[in-house]
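The following exercises concern a single protein model. Please examine the sequence and the coordinates before working through the solutions.

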Amino acid sequence: MVWYQKFEYAVGHWLQKTAEHVFGCVLLFRGAALMDDNVMKTYTTKPTEASHYVQYDQGEDRWLCTLMLQQGWRVEYNAASDAYTNAPQDFKEFYNQRRRWGPSTMANTIDLLGSGELTSRKNSSISKPYILYQIISMAASVLGPATVCLMISGSFVFIFNMDKTLALVLAIAPPTIYLILCFKLKSDTQITIAAIMSIFYAFLMAGTILSII
């Protein structure tokens, strides 16, 4: 689990944050910017709607950065800087972290895109290519699960000579069932099922990649 996160952090910083730096601004902030107009004042707003809890409470660092970008600040990438974090070491902790990160990242990106024109007027670093980059990143996040389902259904058709419609139904069924169960089961039970499904999908995706090759 920790090795996987080391790889993920390497990709996130050396590839994603570098790309954000080239196109515009890094979405992660400088202390002096906190006291700017409407940054800390807005940041201390108490959540009153469902979207607020996702954006304000679950992705508080990304939201704070978005507020500073909207005020005209520029955030840069520094390859020489050192960052230390306590990475989750078991699946439960990891799953809870990602369940918090995923929606909050999307919520803050949508907030930035929603005020893209106004932000680009205030902030010269927020260019049209940068907004396009964020749109593509958001689209990739939304389409990711569907891409996995299509890959699995394609491998079913190739290996088992299965009907395409049946293969697609079989590929979509497990995540759909799990989605429904998440509305009914307690958090710990959801995580247990997710852990079992993750092991199953690890083997399934390994077979899928081999069938594609």
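The exercises below proceed from the overall fold to individual residues.

**Conventions**

This is a predicted model, in which local features need pLDDT of at least 70, side-chain atom pairs count only at pLDDT 80 or more, and totals for chains, interfaces and linings use all residues. Residues are numbered from 1 along each chain as its sequence is written, and side-chain values use heavy atoms, with hydrogens and water left out.

**Exercise 1. Describe the secondary structure and the exposure of the protein chain**.

Step 1. Helices (H or I, at least four residues) and strands (E, at least two) are taken as DSSP runs and numbered from the N terminus. On this basis the protein chain has nine helices and zero strands.

Step 2. Buried means under 20% relative accessible area, exposed means over 50%, and partly exposed lies in between (1.4 Å probe, protein chains only). Of the 213 residues of the protein chain, 31% count as buried.

Step 3. Accessible areas come from the Shrake-Rupley method with a 1.4 Å probe; for residues, only the protein chains shown count as cover. The protein chain exposes about 13,900 Å², of which carbon and sulfur atoms supply 66%.

**Exercise 2. Compare the UniProt "transmembrane region" annotation with the model**.

Step 1. The unreviewed UniProt entry places this feature at residues 130–160, 166–185 and 192–212. UniProt positions are given in the numbering used here, feature names are shortened, and annotations may be inferred rather than shown by experiment.

Step 2. Residues 130–160 are 100% helix and 0% strand, with 44 Å between the end C-alpha atoms. Residues 192–212 are likewise 100% helix and 0% strand, and there the end C-alpha atoms are 30 Å apart.

Step 3. In the loop between α7 and α8 lies N161. The phi angle of N161 is near 55 degrees, a positive value in a residue other than glycine. N161 counts as exposed because its relative accessible area is 69%.

**Exercise 3. Identify the salt bridges and state how exposed their acidic and basic partners are**.

Step 1. A salt bridge is a side-chain nitrogen of Lys or Arg within 4 Å of a carboxyl oxygen of Asp or Glu. The structure holds two salt bridges.

Step 2. R98 pairs with E8, and the closest N and O atoms are 2.6 Å apart. E8 is partly exposed, since its relative accessibility is 25%.

Step 3. K92 pairs with D188, with 3.2 Å between the closest N and O atoms. This pair links distant parts of the chain: K92 belongs to helix α5 and D188 to helix α9, 96 residues apart. K92, at 42% relative accessibility, is partly exposed, and D188, at 46%, is also partly exposed.

Step 4. R98 appears again in the surroundings of Q5, a residue of helix α1 (residues 2–23). Contact means heavy atoms within 4.5 Å. Leaving aside neighbours within four places in sequence, Q5 is in contact with A87, P88, F94, Q97 and R98. Q5 is buried because its relative accessible area is 1%.

**Exercise 4. Locate the largest nonpolar core and the elements that build it**.

Step 1. A nonpolar core is a set of buried Ala, Val, Leu, Ile, Met, Phe, Trp, Tyr and Cys residues joined through side-chain atoms within 4.5 Å. The largest such core has 14 residues, of which Y95, I152, F156, Y178, Y201 and L204 touch the most other members.

Step 2. The elements giving two or more residues to this core are α7, α8 (164–182) and α9 (187–212). Helix α9 gives the most, with six residues.

Step 3. Apart from this core lies another, of eight residues, including C25, C65, L112 and I126.

Step 4. Beyond residues up to four places away in sequence, Y201 touches I152, A171, P174 and P175.

**Exercise 5. Contrast I110 with M138: which is buried and which is exposed?**

Step 1. I110 lies in helix α5 and counts as exposed, because its relative accessibility is 52%.

Step 2. M138 lies in helix α7 and is buried, because its relative accessible area is 14%.

Step 3. Not counting residues up to four places away in sequence, M138 touches M106, T109 and I110. M138 and L113 are 25 residues apart in sequence, with 10.0 Å from C-alpha to C-alpha.
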